Every structure is written in C-alpha cells, then in structure tokens.
Amino acid sequence: MARSFGTAEFLYLLKAIPWTLLLSLGALAGGGLIGLLIAILRTSPFRVLRWLATGYIELFQGTPVLMQLFVTYYGLAVLFNIQVDAWPAVLLAFTLYSGAFLGEIWRGSIQAIPRPQWEAAECLSLSFPKQLWYVILPQAARISIPPTVGFAVLLIKSTSIAAIIGFVELTRAGQLMTDATFRPMIVYPIVAALYFLLCWPLSLLAQTLERRIDATLGISKHF
Amino acid sequence: MPLLALASISKRFGAHQALDGVSLAVETGEVIAIIGRSGSGKSTLLRCINGLERPDSGTIEFAGKILAPTPRQLKALRREIGIVFQSYNLFPHLSVERNITLGPTAAKGMQLDAARELARRVLRMVDLEDKIAAYPQQLSGGQQQRVAIARALAMEPRLVLFDEITAALDPELIGEVVRVLDRLAQGGMTMLLVTHEMGFARRSADTIVFMHQGRIWEKGPPAKLFGSPRTPELASFIDAILSVDPVVKRCVG
C-alpha cells in the first residue's frame with residue numbers, strides 16, 4: 001500500500017532544497033574561479049594560453065552535462081579505485097561545467113570593453129595585469145552581472161540532472177517521494193513550483209540589474 | 001641632441017603603405033604640428049612613437065637611447081611620453097581624480113596623497129579643478145578632453161603626443177581645448193600634434209610637418225609653409241582647408 005502525500009512528504013522535498021542550493025552555490029563559486037582564469041587566458045596576448053582556454057570551453061560546451069557527470073562520477077571511481085560518493089562527483093562536474101560557461105560569458109564582457117580603453121591604460125605605463133585590474137575588469141564586471149545571474153538560474157535547473165547518479169537534491173527527492181506515494185502528478189508539479197520559487201527572484205534580479213546598468217553605466221553611449 | 005629622433009620609419013597595413021621612411025627629430029621644448037589629409041600616415045606615426053604600433057623598419061631614439069619594443073622598455077617609455085587621443089578614452093567607471101591619479105600611483109608607485117595633490121595641480125592647468133569629483137559622462141566633450149590632457153600631464157612626461165584631439169568635438173567646444181594647448185606650448189612643453197587646427201598650428205607651432213602618402217612631404221616654420229608652399233600637394237591641401245573655413249583663412253592667410 002502506497003503512502004499518501006502529506007506534510008511529512010512535503011517537508012522531505014523542502015529539506016532537499018538546501019542540497020540543490022549548496023550544489024549550485026558551490027559550482028558557482030568554484031566555477032567562478034575557473035571562469036575568471038579562463039576569461040583572462042582567452043583574452044591574454046599569449047596564443048598558447050588562448051588555445052588552452054578555448055579548448056576547455058569547447059570541451060565543456062560541446063558535450064552534454066550528463067556525460068560530464070558520468071565521466072566525473074565513474075572517472076573518479078576508476079582513478080582512485082574506490083566507490084565515490086555522489087556529492088564530490090556532482091560538485092566537481094558542475095564546477096567544471098560552470099567554469100566553461102562563466103569563462104565564456106566573462107570573456108565576452110572583457111571583449112566588450114573597447115580597445116581604446118586598453119590602449120589608454122597601456123599608455124599610462126600600466127602593466128598587463130594592472131590594465132586588467134584597474135581598467136578592464138571593473139567595467140567588464142558591470143556588463144557581466146545580468147548574464148551571470150541568468151546563468152545562475154540555468155545552473156539551478158541543471159543541477160536536477162544530479163538526480164540520475166543518485167544525489168539527493170530536489171529532483172531526486174521528488175523521485176523518491178513519487179516512488180513512495182505513486183502520485184507523480186502531485187509530486188512533480190510541486191517540485192517544479194519549488195524550482196520556480198528559487199529561480200524566479202533571480203530572473204527578476206537579472207532584469208532589474210540589466211535596466212539599472214543600461215541607465216547608469218553609459219559605456220556603450222560613449223564609444 | 002634631439003629628445004626624439006625617428007629614422008626611416010616604415011609601416012605597412014596589408015597593401016597600404018601607411019608610413020614610408022619617415023625621419024624626424026624633435027628638440028626639447030619644440031612644438032611640432034603634423035598636418036595632412038586623412039590616410040597620410042599622421043596618426044600611425046604618433047602611434048609608432050609610443051609603441052601602440054610597431055614599425056616594420058626604422059629606428060626610434062628617445063633621449064639618446066634606441067628603443068627595442070620589449071614590454072619593459074615600452075613601459076618605461078610611456079612614463080616619458082604621454083598621449084592624448086581623439087576620443088578622450090577616459091575611464092568611465094572612475095572619477096576625474098582617479099582617472100588622473102591611476103597612472104602615477106599604479107605605474108609609478110606614487111603615494112595616493114601626493115597623487116591627489118598632483119591631480120589638483122594638473123586640473124588647474126586645464127581649468128577644471130571644480131570637476132575633480134565628477135565622472136566622465138557628466139562632462140562635455142571639451143571638458144573630457146581637458147581631463148584627458150591633465151591625465152597625460154600627471155605622468156610628468158618629457159614629450160606629449162596629441163592625436164587629433166579636437167576632431168571629435170563640437171565646434172563650440174574646440175576653443176577651450178585649443179586654449180589649453182596654446183598655454184602648454186607657451187609653457188615650454190615638448191609637443192607633437194596631429195591637428196586640423198590651423199590657427200593653433202600657425203600661432204603656437206615652431207615647426208609644421210606636412211605629410212602625404214606616408215612621407216614627410218614638406219617641413220618648416222609655419223610662416224614659410226603656409227605662406228609659400230613648395231609642392232602642389234601642400235598648396236592644394238591648404239586651399240582645401242581655406243575653402244571650407246573662412247575663420248581658418250583669417251588665421252592662416
């Protein structure tokens with residue numbers, strides 16, 4: 001006899017939300033570091049570094065995140081010859097994945113800064129890292145906020161794939177409750193609504209930021 | 001010994017020979033105005049001097065030292081040679097003060113307090129001390145360009161390059177920028193300008209260089225060059241300018 005879907009089952013779903021958030025935040029943090037490095041390498045004057053960064057981006061953008069997840073999960077197991085927990089594997093996979101996408105977003109933001117800004121900084125005798133730090137990155141950061149928030153929304157939804165290798169986040173919790181209650185048409189709409197509640201504020205934030213930055217920055221207006 | 005000596009500088013962009021064996025010496029305190037039609041290589045010449053473009057051949061000697069285009073030498077060179085661009089190129093995310101103090105602090109290691117004092121001083125030179133806290137987009141084009149001049153001066157350069165710095169300005173804003181140029185010239189600054197301001201060139205330049213097809217076609221003091229051009233190319237260039245602008249005609253003629 002199946003359980004009915006009640007408060008306990010609903011609470012079980014709620015308790016899975018922190019894992020979805022933790023996975024998303026962890027991947028954003030780690031991916032942010034990788035992404036910054038990739039973006040800088042992609043725009044550096046050194047061809048070999050640009051190639052390496054491009055290769056990384058192509059690899060992770062050109063393969064399904066599910067395959068990346070499988071390769072990390074089983075790869076870690078083979079590499080260390082142990083049964084790996086799902087958590088480090090999904091965190092690593094989504095970190096690498098985020099690194100590629102954030103790298104590409106930020107590469108675009110850096111390249112959106114007009115060439116004369118680099119030249120003006122260069123002509124003040126600033127070294128390449130200082131040109132980046134004082135002149136280019138602060139401007140690129142403002143441009144990149146809306147697409148970065150947009151990616152965060154995508155990432156939160158993508159983490160549902162982690163359910164496939166058994167990591168209990170929101171989607172996996174939904175599967176478990178469906179198996180227990182046989183009520184997919186109650187459980188999954190609720191799961192979807194919970195995702196929506198996580199993502200919608202971020203989408204609103206992205207839109208607001210976009211308007212604000214258009215209005216205040218005035219970079220495009222001036223070049 | 002000249003401060004800057006260019007010898008046989010050539011530069012090609014694809015099929016276009018932008019510079020074709022240009023040699024030029026700039027003495028300390030000299031003001032040289034480079035004139036010529038667009039595409040004659042004027043801006044490319046300036047950009048070669050401070051390493052934004054790399055000449056295909058020829059040598060650039062600054063203060064007696066031949067430059068090799070290594071990052072370290074270019075960095076050192078840019079403490080000595082300032083440049084002001086046609087499109088100002090101020091940093092839009094930084095205040096006027098920070099635009100000016102960035103070079104001295106981040107590149108030359110000057111203390112921030114000293115740099116802020118310096119910022120006041122150079123802003124006074126361009127009559128914009130009251131705009132020290134403003135952001136570039138709050139200023140008119142003429143004001144932005146004067147801030148850009150102040151920013152270049154704050155590096156305390158021995159030579160300043162000006163690349164058509166009034167060309168992007170509305171006509172009524174040109175005067176305020178030219179006045180600053182006049183003042184700098186009188187103050188003994190060594191200046192190399194690409195300019196269409198014939199009034200300024202005649203008034204404040206020691207030497208006029210007329211460029212044509214990537215070469216120095218004619219060179220000499222303003223009175224001589226404007227008064228009796230030797231080549232038909234310069235004569236027709238002067239005619240072309242005079243026909244569009246009666247004010248310039250008064251200044252030049």
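Start with chain A: read along the sequence, its pattern is α-α-α-α-α-α-α-α-α. That is nine helices and zero strands. Keep in mind throughout that this is a predicted model. For the complex, the predictor reports an ipTM of 0.91 and a pTM of 0.86.

**Stop 1: chain A as a whole**

Show the C-alpha trace of chain A. Along its principal axes the trace spans about 75 × 45 × 20 Å. Colour by burial next. Of the 223 residues in chain A, 38% are buried. Now turn on contacts between residues at least 6 apart in sequence. In chain A, 75% of these join residues at least 24 apart.

**Stop 2: helix 4 of chain A**

Select residues 86-112 of chain A, which form helix 4. Is this helix mostly covered or mostly uncovered? Mostly covered: 20 of its 27 residues are buried. Then check its length with the distance tool. At 1.5 Å a residue, the 27 residues should span 39 Å. The end C-alpha atoms are 39 Å apart, which agrees.

**Stop 3: the contact between the chains**

Display both chains together. The contact takes 17 residues from chain A and 18 residues from chain B. On the side of chain A that touches chain B, three elements give two or more residues: helix 5 (115-123), helix 6 (128-158) and helix 9 (219-222). What is the make-up of that side of chain A? Its residues divide into nine nonpolar, six polar and two charged.

**Stop 4: the open sheet of chain B**

Hide chain A. Look for an open sheet of six strands in chain B, with the order 6-7-8-3-9-10 and mixed pairing. Strand 6 (81-84) and strand 10 (215-220) of chain B stand at the edges. Each has a single partner strand, so one side of each is left without a neighbour in the sheet. From one strand to the next, the twist averages 20°.

Add helix 5 of chain B, residues 141-153. This helix packs on the sheet, touching strand 6 and strand 7 (159-163) of chain B. Its direction makes about 170° with that of strand 6 of chain B.

Go inside the sheet next. Select strand 3 (residues 31-35) and strand 8 (residues 191-194) of chain B. Four bridges join these strands, which run parallel. For one of the partnerships, label B:Val31: its bridge partner in strand 8 of chain B is B:Met191.

**Stop 5: strands 1, 4 and 5 of chain B**

Select strand 1 (residues 4-13) and strand 4 (residues 57-62) of chain B. They pair in the antiparallel sense over five bridges. Label B:Leu6, and find B:Ile60 opposite in strand 4 of chain B.

Extend the selection to strand 5 of chain B, residues 65-66. Strand 4 and strand 5 of chain B run antiparallel, joined by two bridges. Here B:Glu61 has B:Ile66 of strand 5 of chain B as its bridge partner. The hairpin of strand 4 and strand 5 of chain B has two residues between the strands. What is the sign of phi at B:Ala63 in this hairpin? B:Ala63 takes a positive phi near 50°.

**Stop 6: confidence in chain B**

Finish by colouring chain B by pLDDT. The average is 93, and 96% of the residues score at least 70. Where in chain B is confidence lowest? Select helix 10 (residues 246-252) of chain B, with a mean of 56. Where pLDDT is low, the predicted coordinates should not be read in detail. Then select helix 3 (residues 96-107) of chain B, where confidence is highest, at 98.

Technical notes:
Residues are numbered from 1 along each chain as its sequence is written. Chains are lettered from A and ligands numbered from 1 in the order in which they are written. This is a predicted model: local features need pLDDT of at least 70, side-chain atom pairs count only at pLDDT 80 or more; totals for chains, interfaces and linings use all residues. Two residues are in contact if their C-beta atoms, placed from the backbone, lie within 7 Å. Ala, Val, Leu, Ile, Met, Phe, Trp, Tyr, Cys and Pro count as nonpolar, Asp, Glu, Lys and Arg as charged, and the others, Gly among them, as polar. Two strands pair if DSSP finds at least two bridges between them. A residue is buried if 20 or more other C-beta atoms lie within 10 Å of its own, exposed if 12 or fewer, and partly exposed in between; C-beta atoms are placed from the backbone. Axes are lines fitted to C-alpha atoms, for helices over the stretch in contact, and angles run from 0 to 180 degrees between N-to-C directions. pLDDT is the predictor's confidence in each residue, from 0 to 100. The expected span of a helix is 1.5 Å times one less than its number of residues.
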